Amino acid sequence: MPTLVIVESPTKARTIRNYLPQGYRVEASMGHVRDLPASAEEVPASYKEKSWSNLGINVENNFEPLYVVPKGKKKVVQELKSALKEADELILATDEDREGESISWHLLQLLKPKVPIKRMVFHEITREAIQKALKDCRDIDENLVHAQETRRLLDRLVGYTVSPLLWKKIARGLSAGRVQSVAVRLLVQRERERRAFQSGGYWDLKALLEKDKNSFDAKLVTLGDKKIATGSDFDPNTGKIAQGRDVVLLDETQANALKDRLDGKPWTVSNTEEKPTTRKPAPPFTTSTLQQESNRKLGISARDTMRIAQKLYEEGYITYMRTDSVHLSEQAITAARNCVEQKYGKEYLSPKPRQYTTKSKGAQEAHEAIRPAGNEFRTPQETGLSGHEFSLYDLIWKRTVACQMANARLTQIAINLEVEDAGFRSSGKRIDFPGFFRAYVEGSDDPEAALENQEVILPTLQVGDHPNCQQLDVLGHETQPPARFTEASLVKTLESEGVGRPSTYASIIGTIIDRGYAQMRSKALVPTFTAFAVVSLLEQHFHDLVDTKFTSKMEQTLDEIATGEAQWIPYLKEFYLGEKGLDNLVQLGIENIDPGVAKAVNLDNLEATVKIGKFGPYIEVMEGEEVITASIPMDLTPADLDPEQVSTILKQKIEGPEKLGLHPETGEPIYTLIGSYGPYVQLGEVSEDNKKPKRASLPKGIKPEDVTLETAVGLLSLPRLLGTHPDTRAKIKAGLGRFGPYIVHDQGKEGKDYRSLKAGDDVLTVNLERALELLAQPKRSRGGGRGAKKPLRELGVHPDDKEPINIYDGPYGLYVKHGKVNASLPEGEKVDTLTLETALDLLAAKAATKKKTTRKSTKSKTTTKAKTSTKSKKSTADSKTKS
């Protein structure tokens with residue numbers, strides 16, 4: 001009889017199946033097979049009458065959880081039970097973290113096996129790792145299970161008791177979460193700081209100097225031996241120079257007067273300084289740093305980063321992607337150092353192997369860092385990956401390799417100059433040895449380009465030299481409010497504060513956006529009015545729940561439960577049933593919180609009150625004895641609302657929409673309005689005969705007050721016909737859609753080909769010639785990349801399928817491409833000398849190695865037990881990212 005191995009997902013099952021001996025059968029649990037009831041419908045009939053059944057936790061009986069098999073998992077459980085009947089041994093091979101341990105424990109409780117049981121763990125899916133894990137099986141770690149169960153119960157207690165309170169006091173559909181609410185508060189606190197911020201203005205001078213035909217810049221730093229004021233000298237609460245700062249604050253008049261005084265005066269070098277510095281490579285990726293860099297470099301959200309990384313792990317490309325550790329195994333260090341030596345040469349190796357120590361608060365589980373899988377790292381080109389999967393693997397490969405490279409050696413250069421009583425400074429940087437910069441520069445997706453940007457070359461200058469002043473400019477500056485959080489900076493802050501776990505950040509940020517607590521604007525997370533109202537209520541009545549220190553201490557306690565240092569039941573009792581426990585706080589909130597107060601959002605500098613209503617936020621003002629209310633557009637946030645906006649919204653409500661004029665053809669009136677989705681123009685009035693008059697949103701950048709009758713008529717005429725395509729005779733139109741202005745080549749059944757209009761193009765005036773020009777350009781993919789890359793040389797076609805074989809230049813050198821197969825050119829081979837025959841040999845060799853690594857996919861097609869659906873795949877991913 002076979003040994004049954006159970007993992008979480010079909011992808012992981014397909015991959016691991018190739019590395020197990022004969023007689024092993026691998027099945028997928030599709031994530032968690034049991035959980036607390038998600039709705040009243042899932043509560044068993046025998047528990048329906050229990051007062052705690054909807055909560056799913058019997059708090060009076062040591063917090064006994066009610067676990068049920070979700071409807072969608074019953075078939076999976078039945079199939080696993082059937083498979084177990086044919087097995088003589090059960091191996092639980094779910095992930096090695098708390099969530100994976102919990103899945104194994106639940107499987108054990110459900111399946112009740114009568115055969116021997118083993119728990120197998122591994123952090124990468126390679127032949128060596130799986131075979132080693134088979135020899136080192138262990139029992140289920142009860143402490144890890146208790147830690148996960150405690151977290152799950154805490155999340156349920158918070159979500160199922162505080163969320164209904166928010167529904168009663170603010171609005172239906174709102175949610176509170178143990179980590180989610182802390183993250184929302186961080187966004188709101190930052191926005192409050194931005195609203196309270198007072199900008200300050202200051203002026204200085206910038207000189208363009210020249211020595212020996214080499215130009216360089218210098219900035220004014222002192223005047224009369226006193227420091228010139230910069231942004232850091234201002235008090236953000238007053239917009240004035242902070243108390244105790246002895247600096248010179250120049251206004252525009254004074255700066256211009258100084259410029260005139262210095263004009264034509266001699267410049268002298270008063271001091272030069274060169275300071276050697278070194279830069280060390282960053283440690284290999286943890287879950288948190290991968291999410292941050294993926295967002296910064298690739299523009300991929302935390303949620304998508306984790307989805308892609310999970311796929312890369314399950315397909316055997318990288319090690320386990322949920323880890324707080326920066327540790328690398330000896331085999332990984334050796335593999336990385338081999339890559340450095342082969343690609344960059346011995347001089348780019350660090351003198352000794354580097355090993356990193358984890359420093360983040362409450363790092364859990366002794367995993368390895370995220371790195372390419374195996375004893376030898378496949379280069380990104382050797383993987384056959386594409387799109388975001390290729391980009392993320394490439395990022396992980398570069399970061400891992402760079403961590404074993406030599407330090408970058410730089411020289412910081414400072415030159416001080418004097419002209420009259422004014423002191424100027426010029427700063428430069430020289431890269432003496434690039435070291436790891438050759439492979440990886442944080443925040444940059446092109447190391448070679450980043451190297452150029454890192455250097456600021458200054459001419460050779462000695463004390464007493466007199467460079468020529470070619471130009472002297474007066475510059476004005478305004479201090480800026482603190483930057484809003486991006487996904488990357490929010491993840492970094494949550495981790496540094498010890499709030500939550502990096503593996504949960506992706507789902508938390510996704511929930512914050514999905515539930516309407518924040519909008520994403522140019523990568524920045526902007527909190528909404530709902531976020532302000534909810535955070536205010538929680539701060540006043542549930543302060544600990546949104547306090548970073550309290551939440552961090554909670555994570556530490558979960559860590560102690562995982563190691564057996566703390567008991568889980570006493571902790572839950574204190575948290576929920578204690579004198580200051582959550583249950584008491586919720587009861588007090590139900591009695592004492594006034595919904596009218598809770599719904600109100602009070603913003604500085606606004607006389608009007610903002611309230612949260614059933615259909616979203618609205619403005620409320622008193623007009624004599626009458627209360628006037630007006631809806632706030634959905635895309636408007638506290639950051640945008642000012643007295644002028646309030647006046648415009650109220651004016652439309654009181655006086656009705658502004659009439660632009662009459663349509664020249666129909667004679668109907670055209671109005672400008674502001675609706676839930678922003679400003680728009682409307683043809684005609686709403687009436688019984690015309691319930692849905694034609695409307696058109698205003699393009700970005702056009703304000704309602706700037707709309708003319710001509711513009712409105714043009715917008716209402718969209719989409720407009722530009723002409724027909726000379727090749728297909730199909731219509732080409734210009735229109736305005738959800739993602740902005742566009743042109744479309746409409747070929748009917750053949751499909752539609754869209755292109756976005758570029759900056760400078762006007763949807764109302766773009767012509768057929770320009771449309772054809774745009775349609776001729778390669779279509780940009782969703783990931784931001786372009787379509788087909790231009791080859792360096794076309795060699796011919798493949799004799800088997802007549803598909804082209806071309807030579808391309810990639811980040812790692814020259815390669816030939818046929819279909820999806822890429823093969824690097826051998827050392828010494830050149831673009832001009834490579835023949836089609838040689839290319840065919842290279843591609844055949846590469847295809848053969850590729851078949852070996854992908855044979856697992858072919859074999860899995862004959863397995864019917866691992867069937868899955870889009871819905872079940874989602875549940876697998878979701879089960880690993882619940883917060």
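Ala 129 is buried in this predicted model, because its relative accessibility is 16% and the cut-off for buried is under 20%. The residue belongs to helix α4, which covers residues 127-135. Apart from residues up to four places away in sequence, Ala 129 touches Phe 122 and Glu 124. Pro 281 lies 152 residues from Ala 129 in sequence, and their C-alpha atoms are 28 Å apart in space.

**Gln 331 and Ser 329**

Glu 124 also appears among the contacts of Gln 331, together with Arg 371, Gly 374 and Asn 375, when residues up to four places away in sequence are not counted. Gln 331 is found in helix α10. At 31% relative accessibility, Gln 331 counts as partly exposed. Gly 244 is 87 residues away from Gln 331 in sequence, with a C-alpha to C-alpha separation of 56 Å.

Ser 329 lies in the loop between α9 (302-314) and α10. With a relative accessibility of 18%, Ser 329 counts as buried. Its contacts, leaving aside neighbours within four places in sequence, are Glu 368 and Arg 371. Arg 371 is thus listed as a contact of Ser 329 and as a contact of Gln 331.

**Packing of α10 against α12**

Helix α10 spans residues 330-344 and helix α12 spans residues 387-402. Their axes come within 8 Å and cross at roughly 95 degrees, which means that α10 is roughly perpendicular to α12. On the α10 side, the contact is made by Ala 336, Cys 339, Val 340, Lys 343 and Tyr 344. On the α12 side, Trp 397, Thr 400 and Val 401 take part. By class, six residues of this contact are nonpolar, one is polar and one is charged.

The spacing of such residues along a helix has a simple background: an α-helix has 3.6 residues a turn, so residues three or four places apart point the same way.

**Aromatic pairs and charges over rings**

The model has 12 aromatic pairs. In one of them, the ring centres of Tyr 313 and Tyr 320 are 5.2 Å apart and the planes stand at 70 degrees, so the pair is edge-to-face. Both partners are covered: Tyr 313 is buried at a relative accessible area of 1%, and Tyr 320 is buried at 2%.

Tyr 344, already named in the contact of α10 with α12, pairs with Tyr 348. This pair is tilted, with 6.2 Å from centre to centre and 50 degrees between the planes. Tyr 344 and Tyr 348 are both buried. Ring pairs also bring in Phe 433, giving a cluster of Tyr 344, Tyr 348 and Phe 433.

Two arginines have their charged ends over aromatic rings. The charged end of Arg 156 sits over the ring of Tyr 160, at 3.8 Å from the ring centre. For Arg 190, the ring belongs to Phe 485, and the charged end is 4.2 Å from its centre.

**Backbone features in loops**

Most residues other than glycine have a negative phi, and most peptide bonds are trans. The residues below depart from these patterns.

Lys 112 and Glu 420 each have a positive phi without being glycine. The table gives their values and places.

| Residue | Phi | Loop | Relative accessibility |
|---|---|---|---|
| Lys 112 | near 45 degrees | between α3 (98-111) and β6 (117-119) | 60%, exposed |
| Glu 420 | about 60 degrees | between β14 (408-419) and β15 (422-433) | 47%, partly exposed |

The peptide bond that joins Leu 718 and Pro 719 is cis, with omega about -5 degrees. Pro 719 is found in the loop between α22 (709-716) and β27 (720-724).

**Helix α1**

Helix α1, residues 10-17, is mostly covered, as seven of its eight residues are buried. The buried residues are Pro 10, Thr 11, Lys 12, Ala 13, Thr 15, Ile 16 and Arg 17. Lys 12 and Arg 17 of α1 are therefore buried under the cut-off of 20% relative accessible area.

Terms used
Residues numbered from 1 in each chain as written. Predicted model: local features only at pLDDT ≥ 70, side-chain atom pairs only at ≥ 80, totals over all residues. Heavy atoms only, no water. Axes fitted to C-alpha atoms, helices over the stretch in contact; angles between N-to-C directions. Helix = DSSP H or I, 4+ residues; strand = E, 2+ residues; numbered from the N terminus. Parallel < 35°, antiparallel > 145°, perpendicular 65-115°, else oblique. Contact = heavy atoms within 4.5 Å. Nonpolar A, V, L, I, M, F, W, Y, C, P; charged D, E, K, R; others polar. Phe/Tyr/Trp six-rings, centres within 6.5 Å; stacked < 30°, edge-to-face > 60°. Buried < 20%, exposed > 50% of the residue type's maximum accessible area, 1.4 Å probe, protein only. Lys NZ or Arg CZ within 6 Å of the ring centre and 35° of its normal.
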